[in-house]
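The exercises below work through a model with a bound ligand, each followed by a solution in steps. Please have the sequence and the coordinates at hand before you begin.

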Amino acid sequence: MIARRILFCASEVYPLIKTGGLADVAGSLPRALNKAGHDVHIVMPAYQSVLKHLKRPAKVLVETGVQDYTVRISQTTLPGSRVPVLLVDCPELYDRPGNPYLDDQGQPWPDNAMRFGVFNRMILALAMNRCGLQWQPHIVHCNDWQTGLVLALLSSERKRPATVFTIHNLAYQGVFDRSAFEQLNLSDYLWHYERLEYHDQFSFIKGGLVYADRINTVSPNYAKEIQTSTFGHGMQGLLQHRADRLSGIINGIDTHTWNPGTDVLLAHKYNKQHLDDKLENKRALQKRYSLPEKQDMLLLAVISRLVEQKGIDMLLAVLPDLVKRPVQLVVLGSGHKLFESALQAASQKYSEKLSVHIGYDETLSHQIEGGADVFLMPSRFEPCGLNQMYSQRYGTIPIVSPVGGLFDTVVDASAENLQAQTATGFVMQQANEQALLFAIDRAIDLYQQPEQWRSLVKIAMQQDFSWEKSATAYEQLYEQALRDNP
Ligand code: ADP
Ligand code: GLC
């Protein structure tokens, strides 16, 4: 494979800042590409929490004007790697507490179009080597709506790099009104339904979907689903039109951060030869969640953004039935206030069975993976999903709905698959309440057959979800994009 210069553009990158799986991917794919010999630079906004995370201040490389703002590019490295991270630093736009997208009331920052508009214009300047860094990428790899405009801006450049746009979640599209389009001084030519206009509004994500040389999403199954009206979020027509440029590449996971054998966040490390140590983590988890410390009670877990996508309404609906069964449930999550308060109310009502922690807690998320028996992911849609893969690695059997990447990464514990020793979890027949309860009942049954359960756990733990394979698929995608670049 030819070594390439790659500019990897993302709004969140673990461990510098994370609200969801995009950060996990942006923190590990560039590392894998770097290891494969490519010269990868990440570019991201210098959010307040990113700056706070740095041990040493980032080195300022250039200062320039974008729109009416003074913007600096400074450089740091991705912690634990040699991958350079270019920070787009503009305190007026990014130096704010909390979430990159939402204010403390949970509302989008009112100037988001400008915040990401400036970010995208800086990426354009980097991509075209106009910042004086003497470095021009062969490939610009953009991720999700926050970087979608880059591809529209690049499309009118001569001798531009080839472009790839990855859809991590089509539900978030970066849609603003016409005044935002005007404030960003975009060419009128782009205000057209075949370009950035979307039902009289201005769509960032369309920049990526219309203009990228190659589009991909984070699982083969989701790549098919988004071409249908059920999963297309209004973009199905456009995606069908671009189907010859659209593919799916399953995410890998960071097998170093997520390794039960070395995980310092666990009370007891374990591996598939020493599964009894997992029970110690179970006890610690029950204690932490103030649940009765019963070793033989099936312990279910959820770690999630508490939003519609994740089937939280489904979970709430089955709770009254669920608590009648021999199970306990721990939840870690934050998101919509309605879901947060409904879960909290339920945990008061069923305190022997259900315990809920509202918030975002990296350490606790590892302890849950280490201690639980089963991980619930009844998503309505799921582009890839990472927790079902972390769960398998931790021997925490996933129960998933049959959508997106969940369908691609979990092998159902049917009689045949159990016998063939390929099963790794339970795949619901549909994404609904009945199917969820039915899958949980199947898990309860199997758990009562310790030999069978142990074998399922071991096979799940053997699965290889490391980045190497997926990084190779991205290398091929980059080569295709280079061939397609006019
Ligand atoms: P999504 O990106 O749609 O939220 P993924 O499964 O791809 O879904 O990734 C979610 C990531 O965020 C996982 O690494 C998961 O462990 C983490 N996560 C979600 N909610 C929390 C939370 N409340 N505390 C800690 N980690 C969380
Ligand atoms: C999105 C999706 C999730 C995916 C993640 C990383 O947030 O919701 O399914 O795993 O991006 O690609």
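**Exercise 1.** In this predicted model, determine which side chains and which backbone atoms approach oxygen atoms of ligand 1.

Solution. Begin with D24, where an N or O atom of the side chain is 2.7 Å from an oxygen atom of ligand 1. Proceed to K310, which places a polar side-chain atom 2.8 Å from an oxygen atom of the ligand. Then turn from side chains to the backbone, where an N or O atom of L386 lies 2.9 Å from an oxygen atom of ligand 1. With the cut-off for a polar contact set at 3.5 Å between N or O atoms, the distances to be compared with it are 2.7 Å for D24, 2.8 Å for K310 and 2.9 Å for L386. Finally, place these in their setting: 21 residues surround ligand 1, and the closest are G21, D24, R305, K310 and G359.

**Exercise 2.** Describe how domain 1 and domain 2 are laid out along the chain, and how much area is buried between them.

Solution. First take the bounds from the domain assignment, which gives domain 1 as two segments, 5–252 and 468–484, and domain 2 as 276–464. Next, locate the C-alpha centres of the two domains, which lie 32 Å apart. Counting contacts then gives 21 residues of domain 1 touching 20 residues of domain 2. The area buried between the domains is about 1,500 Å², with 57% of it coming from carbon and sulfur atoms.

**Exercise 3.** Identify the polar pairing across the interface of domain 1 and domain 2, and say which elements supply the side of domain 1.

Solution. Start with charge pairing: the rule finds one salt bridge across this interface. The side chains of K18 and E362 meet in a salt bridge at 3.8 Å, N to O, which is to be judged against a cut-off of 4 Å. Widening the search to polar contacts yields eight residue pairs across the interface. On the side of domain 1 that touches domain 2, the elements giving two or more residues are α1 (21–35) and α8 (220–225), and α8 gives the most, with four residues. Sorted by class, that side has eight nonpolar, nine polar and four charged residues.

**Exercise 4.** Where do R178 and E182 lie, and how far apart are they in the helix?

Solution. Both residues belong to helix α6 (residues 178–183), four residues apart, or about one turn of the helix. R178 forms a salt bridge with E182, their closest N and O atoms being 2.8 Å apart. The structure as a whole holds 22 salt bridges.

Definitions and conventions: Residues are numbered from 1 along each chain as its sequence is written. Chains are lettered from A and ligands numbered from 1 in the order in which they are written. This is a predicted model: local features need pLDDT of at least 70, side-chain atom pairs count only at pLDDT 80 or more; totals for chains, interfaces and linings use all residues. Side-chain values use heavy atoms; hydrogens and water are left out. Domain bounds come from an automatic or database domain assignment. Contact means heavy atoms within 4.5 Å. Buried area is the accessible area (1.4 Å probe) that two parts lose on being put together, summed over both. A polar contact is a pair of N or O atoms within 3.5 Å; within protein, one must be able to donate a hydrogen and the other to accept it, and residues adjacent in sequence count only if both atoms are side-chain atoms. Ala, Val, Leu, Ile, Met, Phe, Trp, Tyr, Cys and Pro count as nonpolar, Asp, Glu, Lys and Arg as charged, and the others, Gly among them, as polar. A residue is near a molecule or strand if one of its heavy atoms lies within 4 Å of it.
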